[in-house]
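Biologist: Before we discuss this entry, could you put the structure on the screen, so that we can go through its charged pairs and then one of its sheets?

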Amino acid sequence: MSRLVGLLAILVVGCASHHHGGGGDGGVYSSIRIEPALLHVSIALGTTHTEQYTVYGTDGTGEHDITASCALAVDSNFGAFNGATLTAQPHGGKTTVNGACGTTAGTAELWIDLTGAVIDPGAPANSDQLFGTATLGTDAARTPAIQYPIDQAVAPLNLPPIEAQWLAAGNDLFHLHVQSTFASVDAYTPNPQLTFSTADWAAIAGTAAGDTLTITVEGLAQASPATKFASSPVAFHMSHDTIDTSAIYWWSSSAGSIMTQTFGQTTQPSPVIANCSGCHSLSR
C-alpha cells in the first residue's frame with residue numbers, strides 16, 4: 001500500500017510540473033502577456049537601448065513565466081531580439097512587439113524618441129550651454145535665414161544627407177534644431193551650413209518618414225554670447241516612399257559634358273560622353 005501511495009505522489013508531482021512548464025494542454029494558453037507592455041524610451045544618435053522582456057501565459061492553473069517557450073520579434077527598423085533581449089536602434093516612432101508561444105500570440109508596444117546632439121569641429125564643447133542661457137533677440141539684421149532646404153519641400157526617404165544652409169547675419173556660432181513627432185536633434189557649428197553624417201541622417205529621415213521635419217537655426221556671436229537670434233522655421237516633409245535607382249542627367253559647363261548619377265548615390269558623377277554637348281547621347 002505504501003508503494004502505491006508513493007507512486008501516486010510521484011505521478012501527481014510529475015503531472016503538475018509538466019503542466020506548469022508546458023502550459024495548458026500541450027503548450028496552449030488562454031492568453032499571454034508581454035512585459036513591458038509599453039516600453040517608451042529615448043535613444044540618442046549613434047547609441048542603442050537594451051531591454052529584457054518577460055512573457056507570461058495563463059492557463060487553468062494561473063499565470064506562469066513562459067518566456068523560454070516564446071519567440072519575440074519586432075520591426076527590424078526599430079531593433080532586434082536575441083532571445084528575450086531587445087536591442088532597440090536609434091529610430092523614432094511607434095511599433096509592435098510580437099510574441100508567439102505555441103498556438104497563442106500576444107503583443108506589446110514600443111515607442112522610441114530619437115534624440116542627440118552633434119558638435120561640428122570648431123564649435124565649443126559648451127555650445128549647448130551658450131545657447132541655453134542666451135536671451136532671444138529681435139534684431140532682423142542679426143537673424144539667420146534658412147536658404148536650404150526650401151520651406152514645404154518634400155523629400156523621398158532615400159535622399160542622401162542634405163546640407164542645411166543659412167545666412168550668417170553677423171553670427172559665428174549656430175544651433176540647428178530638427179524636430180518631428182518622434183525626433184528632437186540638435187547640432188552646433190561655427191559654419192553657415194551643416195550636413196549630418198550618413199548614419200545620423202538615416203536615423204532622422206527614417207524617424208520622420210510620413211511626417212514633417214521642422215528645422216530652425218539660432219545664431220550668436222561668441223564674443224557677446226548673451227543674445228541669440230532665431231530663424232523662422234522651415235517645414236521639410238519626409239515621404240514614406242523612395243525613388244528607385246533612376247539615373248539623373250544634367251549639363252555641366254565646367255566639365256563640358258552631360259553628367260549622370262544614380263539617385264541616392266554620393267559617389268562622383270560621371271560624364272555620359274566626355275567633351276560632348278550630348279545632342280545624341282541620350283534617348284528613351
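Biologist: Which residues are linked in a network of salt bridges in this predicted model?

Modeller: The side chains of Arg33 and Glu35 meet with an N to O distance of 2.8 Å, and Arg33 also meets the side chain of Glu63 at 2.8 Å. This second pair links distant parts of the chain, with Glu63 in strand 5 and Arg33 in strand 1, 30 residues apart. The network of salt bridges in this predicted model therefore consists of Arg33, Glu35 and Glu63.

Biologist: Is Glu218, which forms a salt bridge with Lys228, buried or exposed?

Modeller: The closest N and O atoms of Glu218 and Lys228 are 3.4 Å apart, and because Glu218 lies in strand 19 and Lys228 in strand 20, the pair ties together parts that are 10 residues apart in sequence. Lys228 counts as buried at 13% relative accessibility. With a relative accessible area of 15%, which falls under the 20% cut-off, Glu218 is likewise buried.

Biologist: Which strands stand at the edges of the open sheet of 3 strands?

Modeller: The sheet has the order 13-15-18 with antiparallel pairing, and its twist averages 25 degrees from one strand to the next. Strand 13 is joined to strand 15 by 2 bridges, and Tyr148 has Gln165 as its bridge partner in strand 15. Each edge strand has a single partner strand, so one side of each is left without a neighbour in the sheet, and the two strands in question are strand 13 (146-148) and strand 18 (193-195).

Definitions and conventions: Residues are numbered from 1 along each chain as its sequence is written. This is a predicted model: local features need pLDDT of at least 70, side-chain atom pairs count only at pLDDT 80 or more; totals for chains, interfaces and linings use all residues. Side-chain values use heavy atoms; hydrogens and water are left out. Two strands pair if DSSP finds at least two bridges between them. Helices (H or I, at least four residues) and strands (E, at least two) are DSSP runs, numbered from the N terminus. Axes are lines fitted to C-alpha atoms, for helices over the stretch in contact, and angles run from 0 to 180 degrees between N-to-C directions. A salt bridge is a side-chain nitrogen of Lys or Arg within 4 Å of a carboxyl oxygen of Asp or Glu. Buried means under 20% relative accessible area, exposed over 50%, partly exposed in between (1.4 Å probe, protein chains only).
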